[in-house]
Amino acid sequence: MTDKHLSTQFDAELSGICSRVLEMGGLVESQVAKAVLSLTQFDGDIATQVLRDEERVNRLEVEIDGDLSGIIALRQPTARDLRLLIAISRIIANLERVGDEAARTARVVQRLLAIGLPTRLRLPVHDLQFESDLATEQLRKALDSFARLDPVAALEVIKHDQQVDQEFDGLMRKLITYMMEDPRTISSCIDLVFVAKAVERVGDHAKNLAEAIIYIVKGTDVRHTPMSAVEDVIR
Amino acid sequence: MVSTVTLPKNVPELKAQARELDFYYGAYKALKSISMPIYANKVTALIGPSGCGKSTFLRCFNRMHDLYPGHRYDGSIQLLPDEIDILSPEVDPIEVRMRISMVFQKPNPFPKSIYENVAYGLRVRGERRRSFLDDKVEEALRGAALWNEVKDRLDELAVNLSGGQQQRLCIARALATDPEMILFDEPTSALDPIATGSIEELVSEIKRKVTVLIVTHNMQQAARVSDFVAYMYLGDLVEFGETKEIFMKPKRKETEDYITGRFG
């Protein structure tokens, strides 16, 4: 928020809540990175860390939600202030879901480790790394565009969502090939399908974040809107 | 300044239309070329900081400014459907005030009984039939949601009513002459939140019968009661649009700064 309110207290509350959203965003971003790392390294400790972080993420969501209700009740915000708060409500719900996806991945790793699979089978875990890099990059860019309230950067995130989807499709084909070649991998490959899907969802959540940012700045809800119409809004 | 006027998708019937309206207090130009529609059976709220011209604009609608020398109008306010120009010197201001009533900031009942306050406008018109007056007084008091509280003491002095009741009495008095439009000049600024709530409720009710133009300093009140909002600043109309649009996504940065409290 560039312009100042008459009430500096209100300004402080808004910037405070934005900082906490970014804190939550940073936390889930590192959660996703760690979750995939725990998979590529087959490292149970990192997986445990991811699950521990989930509690913090959940707590942040509830706290930010409480702050939102408080500001709405006490300040009766309008126009861009109101849009900011509504968008933050959507953003934190999406971030919390990203945290859930990371936790889901961490639990898969724990299961794979528990049955001792990694030592016996060769799995395409490094392809997952690539998909995850794309998805976390999307998430980071979405959070950056939130910090700067930059709708052009948000539009880029929406445009690049397809890359993650394509990577997911490629990985699916690869996993199917693995399963056909060696039926012993079926059970663990299915686990990997879930992880790949979780990572793909992270990309979707980044796109939702980007749409919320466009809503804050431009005042137009671009969810479920064709790309050409979204571009018109930014122009 | 060029105003941003956003008309609704389904344009309601027009009740009045201001066209390039200028107003001068002597040499001082208080309104600068205001053009905006007033829609029938809708509530239009005028908002803006003190001195922006919203009350001046409101008072043009019933020729209040005529009461003082040196005041001058330019442009027109057309009243529909008969297309008369309210501001034209040929139009009788008394007739205008019969058709367009006003409710003021502070309740201003006459030092008469409740009954006589409401019947006053009709008596001025020459109405003498008691049964007709009785019916009209009851209808107006019901319309102002005051009937049940005062029906057993219509002969008591109006000034003994509470502030909120007095204001509703003034609304009943305004309704009694069957006006087409009612002007409200900050009608709740002297009332407590409960009385304010009942007046706001009333404004939303009476728009079924009359067109309402309201000046308010309370932005939340404008948001609650109005269908359309006009934001004015230093005698200019900055933006006119549907209330929801103005409060969610105003087109002008000046409007946004004002309604979000960034106005300095």
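**View 1. Which two strands form a hairpin with four residues between them?** In this predicted model, the answer is β5 and β6 of chain B. Look in the turn for B:E83, whose phi is positive, at about 60°. The two strands of the hairpin run antiparallel, and two bridges join β5(B), residues 71-79, to β6(B). To find one of these pairings, start at B:L79 and look across to its bridge partner in β6(B), B:I84.

**View 2. Here is the open sheet of chain B to which the hairpin strands belong, built from four strands.** Reading across, the order is β3-β2-β5-β6, and the pairing is antiparallel. Which strands stand at the edges? They are β3 (28-39) and β6 (84-85) of chain B; each has a single partner strand, so one side of each has no neighbour in the sheet.

**View 3. Now we zoom in on β2 and β5 of chain B, an antiparallel pair.** Strand β2(B) covers residues 14-25, and eight bridges connect this strand with β5(B). A handy place to rest your eye is B:F23, with B:Y73 of β5(B) standing opposite. As you follow a strand, keep a general pattern in mind: in a regular strand, side chains alternate between the two faces of the sheet.

**View 4. Chain B also has an open sheet of seven strands, with mixed pairing.** Follow the strands in the order β1-β11-β10-β4-β9-β8-β7. The edge positions belong to β1 (4-5) and β7 (100-103) of chain B; each pairs with a single strand, so one of its sides is left without a neighbour in the sheet. Elsewhere in this sheet, β4(B), residues 43-47, and β10(B), residues 228-233, pair in the parallel sense over four bridges. Within that pair, B:I47 has B:Y231 of β10(B) as its bridge partner.

**View 5. Two helices of chain B can be found alongside the seven-stranded sheet.** Helix α6(B), residues 163-176, packs on the sheet and touches β7(B) and β8(B), the latter spanning 181-185. The direction of α6(B) makes about 175° with that of β7(B). Helix α7(B), residues 193-206, lies across β4, β8 and β9 (211-215) of chain B. The angle between α7(B) and β9(B) is about 145°.

**View 6. Finally, we visit the place where chains A and B touch.** How many residues of chain A are in contact with chain B? There are 12, and they meet 13 residues of chain B. By class, the chain A side has three nonpolar, five polar and four charged residues.

Definitions and conventions:
Residues are numbered from 1 along each chain as its sequence is written. Chains are lettered from A and ligands numbered from 1 in the order in which they are written. This is a predicted model: local features need pLDDT of at least 70, side-chain atom pairs count only at pLDDT 80 or more; totals for chains, interfaces and linings use all residues. Two strands pair if DSSP finds at least two bridges between them. Axes are lines fitted to C-alpha atoms, for helices over the stretch in contact, and angles run from 0 to 180 degrees between N-to-C directions. Ala, Val, Leu, Ile, Met, Phe, Trp, Tyr, Cys and Pro count as nonpolar, Asp, Glu, Lys and Arg as charged, and the others, Gly among them, as polar.
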